[in-house]
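Here are my notes on the model you sent over. I went through it point by point, so take them in order or skip around as you like.

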Amino acid sequence: MAYYLVSALIGIIITTYEVLRVTSSAKLYGTVLYLEKVFIGGYVSIAFFILIMFAGAINPKWVITKKLLSIRAELAIIASIFIMPHSIIYLIRFIVLKLPKAFKTGVIPKLYIAYISIGIIAFFIMIPLFITSFKKVRRKIKGIQWARLQRFAYIFYFLVYIHILLVLLNGKYIEWLKLSSYTTIFGIYVVFKLIKYKNNKQAKLDYTKRVDKVKM
Ligand code: HEM
């Protein structure tokens, strides 16, 4: 609870600063400004989401996996809280500033519209995942329903990757190091997930064979 409250407080401070920055001459400097940029840019949140993703993809027997899995729901809640200022501020900026300008000038920046739309969809997919990460809510949901809902996490990760990819492709110049880092991380995740899926399928097959043998 303390971690959630601290995360929410950070989120509120960042959102308030971003509003003040646009509406008045409020300006941060130095390390504090740097930290604020790291949060509002979505970087802290994506770092948390990457941990959550890999917790479900790497070998469950490893100590690190066990540790990550034991706090996976808590990490998901904190990651979701941290992405709120990013999503809310950029969405408002898009609706209030960018969209009217685009209509006025007739210039519709396609890549920008695409990554904003994908970000919005990802954000709305994240909300039920966020709410159901709270133990009190989770207890009220049936196992099958929970498993079905969790599948949306894969769509969320995919959309987040596309969102980031388009953000980077939309820059004045392409930051290849960033682009290749994100692509490597998400790519390794997909490979690990496929290996895990294959292993689980094989284990199930072996189990069915053993049961059939016993029955005979
Ligand atoms: C309403 C939803 C969203 C909107 C409107 C939105 C908008 C934006 C915008 C405008 C940028 C570019 C920022 C800049 O140029 O400084 C950006 C970058 C980014 N967004 Fe989102 N976003 C949304 C949701 C998300 C979600 C759910 C995530 C998931 C974690 C996310 C992760 C990121 C990251 C990591 C970057 C930085 C990419 C980079 O430069 O390395 N966004 N987003």
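**Notes on the model**

1. Let me begin with Tyr182. This tyrosine counts as partly exposed, because 19 C-beta neighbours lie inside 10 Å, and being called buried would take 20 or more. Bear in mind that we are looking at a predicted model.

2. Where does Tyr182 lie? The residue is in helix 10. Setting aside neighbours within four places in sequence, Tyr182 is in contact with Tyr161 and Ile164. Going the other way, the C-alpha atoms of Tyr182 and Asp212 are 45 Å apart, with the two positions 30 residues apart along the chain.

3. Helix 10 itself covers residues 176–215. Its 40 residues should span 58 Å at 1.5 Å a residue, and the end C-alpha atoms are 58 Å apart, so the two figures agree. How many of the 40 residues of helix 10 are buried? The count is 0, and the helix is hardly covered.

4. Now the overall picture. The protein has 10 helices and 0 strands, so to speak an α-α-α-α-α-α-α-α-α-α run from the N terminus on. The C-alpha trace spans about 80 × 40 × 30 Å along its principal axes. Of the 216 residues, 19% count as buried. If you take contacts between residues at least 6 apart in sequence, 72% of them join residues at least 24 apart.

5. On to helix 6, where the end-to-end check also works out. The helix has 22 residues, which at 1.5 Å each should span 32 Å, and its end C-alpha atoms are 32 Å apart, in agreement. Which residues of helix 6 are buried? They are Tyr115, Ile116, Ile118, Gly119, Ala122, Phe123 and Met126. The buried residues of helix 6 pack against helix 5 and helix 9.

6. The pairing of helix 5 with helix 6 deserves a point of its own. Their axes come within 10 Å and cross at roughly 145°, and the crossing is left-handed. From helix 5 the contact is made by Ala76, Ile77, Ser80, Ser87, Leu91 and Phe94, and from helix 6 by Ile116, Gly119, Ile120, Phe123, Met126, Leu129 and Phe130. By type, the residues of this contact divide into 10 nonpolar, 3 polar and no charged.

7. Then there is the ligand. Which of the 24 residues around the ligand come nearest? Those are Gly42, Ser87, Tyr90, Gly119 and Phe123. Two or more residues of the shell come from each of helix 3 (43–55), helix 5 (72–105), helix 6 (110–131) and helix 9 (152–169). The shell divides into 16 nonpolar, 7 polar and 1 charged. Some names recur here: Ser87, Gly119 and Phe123 also take part in the contact of helix 5 with helix 6, and Gly119 and Phe123 are among the buried residues of helix 6.

8. Last, have a look at Arg93, which sits in helix 5. Arg93 is partly exposed, because 14 other C-beta atoms lie within 10 Å. In sequence Arg93 and Val19 are 74 residues apart, while in space their C-alpha atoms are 10.0 Å apart.

Technical notes: Residues are numbered from 1 along each chain as its sequence is written. This is a predicted model: local features need pLDDT of at least 70, side-chain atom pairs count only at pLDDT 80 or more; totals for chains, interfaces and linings use all residues. A residue is near a molecule or strand if its C-beta atom, placed from the backbone, lies within 6 Å of it. Helices (H or I, at least four residues) and strands (E, at least two) are DSSP runs, numbered from the N terminus. Ala, Val, Leu, Ile, Met, Phe, Trp, Tyr, Cys and Pro count as nonpolar, Asp, Glu, Lys and Arg as charged, and the others, Gly among them, as polar. Axes are lines fitted to C-alpha atoms, for helices over the stretch in contact, and angles run from 0 to 180 degrees between N-to-C directions. A crossing is left-handed if the near helix is turned anticlockwise from the far one by less than a right angle, and right-handed if clockwise. Two residues are in contact if their C-beta atoms, placed from the backbone, lie within 7 Å. The expected span of a helix is 1.5 Å times one less than its number of residues. A residue is buried if 20 or more other C-beta atoms lie within 10 Å of its own, exposed if 12 or fewer, and partly exposed in between; C-beta atoms are placed from the backbone.
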